[in-house]
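Please examine the structure shown below with attention to its internal spaces and to the packing of its helices. The paragraphs that follow take up these topics in turn.

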Amino acid sequence: MSYAKEFGPLRAFLWPIHRHELAKFVPMLAIFFLICFNYSILRATKDALVVTAPSSGAEAIPFIKVWAILPCALGMTFLYTRFSNYLKREYVFYAMISLFLVFFLLFAFFLYPYREQLHPNAFANGLEESWPIGCHGFIAMLRNWTFTLYYIMSEMWSTIVMTVLFWGFANEVTSVHDARRFYVILGVAANIAAILSGWAATALSYHRFDPGLPFGTDAWGQTLVLLCGIVILNCIACMLLFRYLHRKGHGYQQASDYSTSKDSSFRMGLRKSFIYLARSPYLICIAVIVVMYNLSLNIVEVVWKDQVKQIYPNPSDFNAYMGQVLTSVGIVATLIAIFVSGNVLRRFSWTFGALITPIIVGVTGLLFFAFTLFKEAPAGLLTVLAGNTPIMIAVFFGAMQNCLARASKYTLFDATKEMAFIPLSRESKLKGKAAIDGVGSRLGKSGGSIIHQGLLVVLGTIASSTPYVALILLTSIAAWVIAVRVLGKKFYALETTSG
């Protein structure tokens with residue numbers, strides 16, 4: 001749909017918003033920007049805390065994702081449901097945001113400053129003596145339980161605040177017609193938030209210890225308080241803006257004007273999702289694509305973060321580096337969204353566009369593992385000639401993979417995945433999307449963590465398991481490419497029939 005006649009060519013491209021919509025859209029945009037800013041800050045900090053913690057490392061991440069995040073996600077969902085049963089929808093937003101606000105306030109001024117007294121080091125040391133070395137990550141998760149809690153709450157920010165609270169609200173108060181204009185700008189705001197939050201995380205990580213500040217006993221402790229302070233202030237700002245929307249009549253009281261049926265009958269549990277998917281080869285292909293993306297990204301990330309820790313063992317340096325990666329993701333995602341994804345989808349076939357992401361993940365993943373595994377081989381010789389060590393080049397390609405994979409996910413991957421649903425019937429669209437959204441990401445992320453756990457328990461360390469992770473990556477990329485090619489044929493057949 002073109003808005004050039006309605007707004008003019010330049011404004012239709014940059015800001016297709018009517019003047020009377022500003023009172024509603026600008027606060028929504030600001031809320032989403034602040035939520036995304038917090039999300040990016042927390043993404044960098046949670047890794048810095050857990051990976052560089054005493055007697056810990058990247059091997060703790062798979063254990064946290066399975067044994068801590070999964071049950072806590074269920075608990076948070078239950079809490080959200082209880083709040084929804086007893087509170088107005090507006091107040092549910094305040095209640096859930098307040099939980100995060102209180103936690104980060106508590107972490108900055110109690111949990112982190114008193115971590116030595118709170119962490120069960122003697123108990124963890126006893127477990128290390130009696131348990132196999134492959135369980136080191138699980139023990140680290142228990143030992144540094146306050147950092148584990150921070151990691152959990154950071155993950156929950158994405159699930160609860162961004163997905164459930166914000167998008168639940170936005171979909172309630174925005175018509176389909178308005179969403180075509182609003183949501184593109186919200187996507188750009190998310191990329192800008194990633195860029196700015198990356199800069200903020202990097203700048204604050206270079207903070208030097210200031211004895212004049214009334215908090216923190218070292219530079220990293222003060223940086224952590226400042227980062228938590230930003231998150232807390234953004235939480236308060238989100239609640240104030242949300243209240244402003246409701247006072248101006250643009251809140252949930254407007255929802256009845258736009259909502260049709262909520263299609264709640266199409267929300268399915270895990271078992272029903274598997275059963276529904278099993279009946280459709282077309283939907284199975286989409287599910288395989290989603291699972292393989294999440295699996296590929298998650299299994300490589302753990303090895304990459306282990307390499308990053310070897311170069312940046314200090315949490316401030318680690319956090320600064322992750323901040324730079326976040327900035328790069330935001331910049332690349334913005335450039336791809338503006339110059340690449342639209343042209344690719346308009347000029348080339350669906351299969352061509354859908355194959356770009358697995359090719360990017362596969363090529364950069366192979367380069368990463370080449371410099372990780374073959375340090376003494378020709379790859380290592382090339383790095384010496386270039387004036388770098390193999391691990392520096394490996395970390396570079398790991399960061400490149402993370403950056404390009406996430407950037408292409410937000411643009412080409414999501415666009416082609418959503419396009420694949422278009423030729424389906426209304427029931428297949430709704431039920432299929434519900435099943436894939438429910439199964440795909442969970443199965444991919446949890447599957448990656450379970451695979452890492454199994455390899456660590458059997459082989460002991462991330463370094464020992466790296467060759468097997470590389471093999472699993474190749475297998476997942478192959479399955480991903482096959483699924484895209486099969487789906488492409490089915491997509492064109494359906495498109496031809498419906499067209």
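A cavity is here a set of grid points where a 1.4 Å probe fits but cannot get out, and its volume is the space filled by probe spheres set on the points. The model under discussion is predicted. Two cavities of 30 Å³ or more are present in the structure.

The largest cavity holds about 80 Å³ of space. Its lining consists of I286, I289, W350, A354, T357, F413, T416, K417, A420, W480, V484 and L487. Helices α14 (281-311), α16 (350-373), α18 (390-421) and α20 (462-498) each contribute at least two of these residues, and α18 gives the most, with four. By class, the lining of the largest cavity comprises nine nonpolar, two polar and one charged residues.

The second largest cavity encloses about 30 Å³. Around this space lie I61, P62, K65, N298, V302, K445, G448, S449 and H452. Two or more lining residues come from each of α4 (60-86), α14 and α19 (426-459), with the largest share, four residues, supplied by α19. The classes here are three nonpolar, four polar and two charged residues.

Attention may now pass from cavities to an open space. The second largest pocket contains about 230 Å³. It is lined by 16 residues, of which A53, P54, Y112, R115 and F147 are the closest to its centre. The elements giving two or more residues to this lining are α3 (22-51) and α6 (115-118). Eight nonpolar, five polar and three charged residues make up the lining of the second largest pocket.

Helix α3 also takes part in a helix-helix contact. How do the axes of α3 and α9 cross? The axes of α3 and α9 (residues 145-173) come within 9 Å and cross at roughly 160°. Because angles over 145 degrees count as roughly antiparallel, α3 is roughly antiparallel to α9. The crossing of these two helices is left-handed. In the contact of α3 with α9, 20 residues are nonpolar, four are polar and four are charged.

Helix α9 is also involved in aromatic pairing. The structure contains 36 aromatic pairs, counted where ring centres lie within 6.5 Å. One pair is formed by F104 and Y150, with ring centres 5.4 Å apart and planes at 75°, so the pair is edge-to-face. F104 belongs to helix α5 (residues 89-111) and Y150 to helix α9, and the pair therefore ties together parts that are 46 residues apart in sequence.

Conventions
Residues numbered from 1 in each chain as written. Predicted model: local features only at pLDDT ≥ 70, side-chain atom pairs only at ≥ 80, totals over all residues. Heavy atoms only, no water. 1 Å grid on protein atoms, 1.4 Å probe; cavity = no way out; pocket = protein on both sides within 12 Å on 5 of 7 lines; lining within 4 Å. Nonpolar A, V, L, I, M, F, W, Y, C, P; charged D, E, K, R; others polar. Axes fitted to C-alpha atoms, helices over the stretch in contact; angles between N-to-C directions. Parallel < 35°, antiparallel > 145°, perpendicular 65-115°, else oblique. Left-handed = near helix turned anticlockwise from the far one by under 90°. Phe/Tyr/Trp six-rings, centres within 6.5 Å; stacked < 30°, edge-to-face > 60°.
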